[in-house]
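Good morning. Please look at the sequence and the model on the screen while I talk.

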Amino acid sequence: MPDLPARPRRIGILLAVAAGIFVADLVSKTIVVATLSHRPPVRLLGGLLTLRVLRNSGAAFSIGTSMTLVFTLIAVAVIVAILRTARRLHSLPWAITLGLLLGGATGNLGDRLFRSPGPLRGNVVDWIELPHWPVFNVADSAIVCGGILAVLIAARGIRLDGTRDRVRRSPAGVSEDTAATGPDDGPRQRAQEGITAQDRPAPGAAAGGSTT
């Protein structure tokens, strides 16, 4: 079998997506803090979208507000894990997905490090409010979208290196992983079937009659 051509690495795409999310999150937070901090919430689209500035000491969507330091350390661990994983990255869908997660994590981590009340304990700026939904920001949206994409890509069997899990259907309709099937399975299976055929009684003997 000829060697498959090497797949290009997608680290550049991952970093570009992450940088885009980080910049969009930083610029949007800077604008809303400067213009909406001392104003009442701004209702748009008939109340479908409301702009209000909230300081969130917890995780995305104001979860766990008393665990600011813990979530900061988790964000650092996620960023390190994504950067380590990027060395094996050859899949475009995974590059986009990990870029969304990396951009969202770094966006909120910047708030943790540089906003009040202090380093590692800073409050994240949330400013987007939808009906019956917690207030969030661009980084939160990227994290949620990245998580959904990760589930969908994994369900389709796409790996980080760009290959797919190969699945075939048996005659009974049961899925079988062809990766577990080696080149010698065919002869071995035929030999096993031959032994089984020798042990099977003749049709006449099974009916209790004579074979002569």
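I will go through the overall layout, then the helices, then a sheet, and finish with two single residues.

First, the ground rules. This is a predicted model, in which local features need pLDDT of at least 70 and side-chain atom pairs count only at pLDDT 80 or more, while totals for chains, interfaces and linings use all residues. Residues are numbered from 1 along each chain as its sequence is written, and side-chain values use heavy atoms, with hydrogens and water left out.

Now the layout. The protein chain has 6 helices and 5 strands. Helices here are DSSP runs of H or I with at least four residues, strands are runs of E with at least two, and both are numbered from the N terminus. Along the sequence, the pattern of the protein chain is α-β-β-α-α-β-α-β-β-α-α. Of its 212 residues, 29% are buried. Buried means under 20% relative accessible area, exposed means over 50%, and partly exposed is in between, with a 1.4 Å probe and protein chains only. A contact means heavy atoms within 4.5 Å. If we take the contacts between residues at least 6 apart in sequence, 63% join residues at least 24 apart.

Next, helix 1, which covers residues 11–36. Does its length fit its residue count? Let me put that properly: what span should the 26 residues of helix 1 have at 1.5 Å a residue? The expected span is 1.5 Å times one less than the number of residues. For helix 1 that is 38 Å, and the end C-alpha atoms are 37 Å apart, which agrees. Its buried residues are Leu14, Ala18, Ile21, Asp25, Ser28, Lys29, Val32 and Leu36. These buried residues pack against strand 1, strand 2, helix 2, helix 3, strand 3 and helix 4.

One of those partners is helix 4, residues 138–155. The axes of helix 1 and helix 4 come within 8 Å and cross at roughly 150°. That makes the two helices roughly antiparallel. The axes are lines fitted to C-alpha atoms, for helices over the stretch in contact, and angles run from 0 to 180 degrees between N-to-C directions. Angles under 35 degrees count as roughly parallel, over 145 as roughly antiparallel, 65 to 115 as roughly perpendicular, and the rest as oblique. Where the two helices meet, Ile21, Ala24, Asp25 and Ser28 are on the helix 1 side, and Val138, Ala139 and Ala142 are on the helix 4 side.

Helix 2 has 18 residues, 68–85, with an expected span of 26 Å, and its end C-alpha atoms are 26 Å apart, which agrees. The buried residues of helix 2 are Thr68, Thr72, Ala75, Ile79 and Ile82. They cover an arc of only 90° around the axis, so they are on the same side of helix 2. The arc is that of the directions from the helix axis to the C-beta atoms. On the other side, Leu73 and Arg84 are exposed. Helix 1 and helix 3 are among the elements that cover the buried residues of helix 2.

Now the sheet. Strands of a sheet pair through backbone hydrogen bonds, either parallel or antiparallel. Here we have an open sheet of 3 strands in the order 1-2-3, with antiparallel pairing. Its edge strands are strand 1 (42–44) and strand 3 (124–129), each of which pairs on one side only. Neighbouring strands of this sheet are turned by 30° against each other on average, direction ignored. Two strands pair if DSSP finds at least two bridges between them.

Strand 1 is joined to strand 2 by 3 bridges, and valine 42 has leucine 51 in strand 2 as its bridge partner. These two strands form a hairpin with 4 residues between them, and leucine 45 in the turn has a positive phi of about 55°.

Strand 2 (residues 49–56) is joined to strand 3 by 5 bridges. Arginine 55 stands opposite valine 125, leucine 54 has aspartate 126 as its bridge partner, and threonine 50 stands opposite glutamate 129. Strand 3 is largely enclosed by the rest of the structure, because 5 of its 6 residues are buried.

Last, the two single residues. Threonine 97 is in helix 3, residues 92–114. Is threonine 97 buried or exposed? At 0% relative accessibility, threonine 97 counts as buried. Leaving out residues up to four places away in sequence, threonine 97 touches Gly146, Leu149, Ala150 and Ile153.

Glycine 162 lies in the loop between helix 4 and strand 4 (167–169). With 26% relative accessibility, glycine 162 counts as partly exposed. Its C-alpha atom is separated by 8.4 Å from that of tryptophan 94, and the two residues are 68 residues apart along the chain.
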